[in-house]
Amino acid sequence: MNKNTKFIGIDISKNVFDVWNEKLGHKQFSNNENGFAEFVLLLAPDSWCVMEYTASYYQQLAIFLYENHVNVSVINPLVIKRFIQMKLQHNKTDKSDAKMIVKYAQEQKLSKWAPKPDYIEECKDLHSAINLYLKQNTALKNKLQGLLDKGVKGKVVTSLKRQLRLLKNEISLLESELEYRIKENKQEMLTNITSIPGIGKKTALFLIVCTNAFETFDNAKQLSAFFGLSPVEYSSGSSVKGRSRISKRGNARMRNYLFMCSFTACKNNPHCKAIYNRIVDKGKSKKLALIAVTNKLLKQAFAIANSGKPYDPNFKSHLIPS
């Protein structure tokens, strides 16, 4: 980008979006097609719009700008929040947020945003619904078990069992549809990832969905950080030395799937088994060793997804130390 790029900060909510830059000042538009059309008329050829991921509110505007050949960047709201704190900005208004987004854009390197393929968006919606139903399923199971433990019988127990059966059927239907969509678009990638000893079909499907078919990340370290599996060290000087832990940010269910995969990988994946044994032999905890195995599985999945080849236990790229 050149020094004359006109950054426009956008703070977006459900019904409206506020914009700010030095030339336009502060303006507000409706978060709909009429507001989008009114806004785009004010943009110069070298305008660059910057906004946050704000639930799903940002998406339609971002797509509209992209389709009208306007440069767009969409930033993690936590990054913007930390930037505002660093600048000691105390005001919290839509106008001030849009202004701080411009300051962020002027100081940081930006990546251009592009919409994900339609099948990925459809799969994300399916995945989100599946996760919702799984949470409901767990809540209903816990409620049912609590009632059974008290010896309760009758209509309430019958009703809960009926709802659990319905949820099970809905989850199965959505999982089948998700698998169909992925096979329709990324059959080879799915086959290759499931060739990794320890990674099952369900984990492979969700990996492809959550990573935009592994196109969102430049390397396996970014992938590990995204799923909250990268270590976080807590230390200061010589007196403060806390235990390193994983960050646990990102998709907790995906992290749980990978952790469960690590048990099988320790037995059947030679490189994961070697890592596990090496860490345990040093006297470190088995949990720490399993976390190292989950990271190794992510590295293997990333390498295989990008190589277009199935798992090969003798391939040297799999031997890179974790």
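Select C210 in this predicted model. C210 belongs to helix α7. With a relative accessible area of 10%, C210 is buried, because the cut-off for that class is under 20%. Display its surroundings, setting aside the neighbours within four places in sequence: C210 is in contact with K124, H127, F226, F227, N251 and M254. One of these partners, F226, is 16 residues from C210 along the sequence, and the two C-alpha atoms are 9.7 Å apart.

**From C210 to helix α5**

Two of the partners of C210, K124 and H127, lead to the next selection. Show helix α5, residues 118-149, together with α7. The axes of α5 and α7 come within 9 Å and cross at roughly 125 degrees, and α5 is therefore oblique to α7. The crossing is left-handed.

Now colour the residues that meet. On the α5 side, select I120, C123, K124, H127 and I130; on the α7 side, select F206, I208, V209 and C210. By class, the contact of α5 with α7 divides into seven nonpolar residues, one polar and one charged.

**From helix α7 to helix α9**

Keep α7 on display, select its residues 201-210, and add helix α9, residues 252-268. What is the angle at which α7 and α9 pack? The angle is about 140 degrees, and the axes of α7 and α9 are 10 Å apart. The two helices are therefore oblique to each other. The crossing of α7 and α9 is left-handed.

In α7, the residues that make this contact are K202, T203, F206, L207 and C210; in α9, they are M254, Y257, L258 and C261. The contact of α7 with α9 has seven nonpolar residues, one polar and one charged. F206 and C210 may be kept highlighted: both belong to the α7 side of the contact with α9, and both are also listed where α7 meets α5.

**From helix α9 to helix α11**

Hide α7 and bring in helix α11, residues 286-307. α9 and α11 pack at an angle of about 95 degrees, with their axes 8 Å apart. That angle makes α9 roughly perpendicular to α11, because 65 to 115 degrees is the range for that description.

Select L258, F259, C261, S262, F263, A265 and C266 in α9; these residues meet L290, I291, V293, T294, L297 and L298 in α11. Which classes of residue form the contact of α9 with α11? The contact has 11 nonpolar residues, two polar and no charged ones. L258 and C261 can be traced in both selections: they take part in the contact of α9 with α7 and in that of α9 with α11.

**The loop after α7**

Return to α7 and move into the loop between α7 and α8, where α8 spans 220-226. Most residues other than glycine have a negative phi. Select N212, which is found in this loop. N212 has a positive phi of about 55 degrees although it is not a glycine. Is N212 buried or exposed? Its relative accessibility is 10%, so N212 counts as buried.

Next select F214, placed in the loop between α7 and α8. F214 is another residue other than glycine with a positive phi, near 65 degrees. F214 is buried, with a relative accessible area of 3%.

**Two further stops**

Select T5, in the segment before β1, which covers 6-12. T5 is buried, with a relative accessible area of 13%. Apart from residues up to four places away in sequence, T5 touches D46 and W48.

Then select H69, in the loop between α2 (59-67) and β5 (71-75). Its relative accessibility is 75%, so H69 counts as exposed. Measure from H69 to P45 in the viewer: the pair is 24 residues apart in sequence, and the C-alpha atoms are 9.1 Å apart in space.

**The whole chain**

Finally, zoom out and show the whole protein. Its secondary structure comes to 11 helices and nine strands. Of the 322 residues, 40% are buried. Among contacts with a separation of 6 or more, 58% join residues 24 or more positions apart. With the surface switched on, the protein exposes about 19,100 Å², of which carbon and sulfur atoms supply 50%.

Terms used
Residues numbered from 1 in each chain as written. Predicted model: local features only at pLDDT ≥ 70, side-chain atom pairs only at ≥ 80, totals over all residues. Heavy atoms only, no water. Axes fitted to C-alpha atoms, helices over the stretch in contact; angles between N-to-C directions. Helix = DSSP H or I, 4+ residues; strand = E, 2+ residues; numbered from the N terminus. Parallel < 35°, antiparallel > 145°, perpendicular 65-115°, else oblique. Left-handed = near helix turned anticlockwise from the far one by under 90°. Contact = heavy atoms within 4.5 Å. Nonpolar A, V, L, I, M, F, W, Y, C, P; charged D, E, K, R; others polar. Buried < 20%, exposed > 50% of the residue type's maximum accessible area, 1.4 Å probe, protein only. Areas by Shrake-Rupley, 256 points an atom, 1.4 Å probe, with all protein chains shown as cover.
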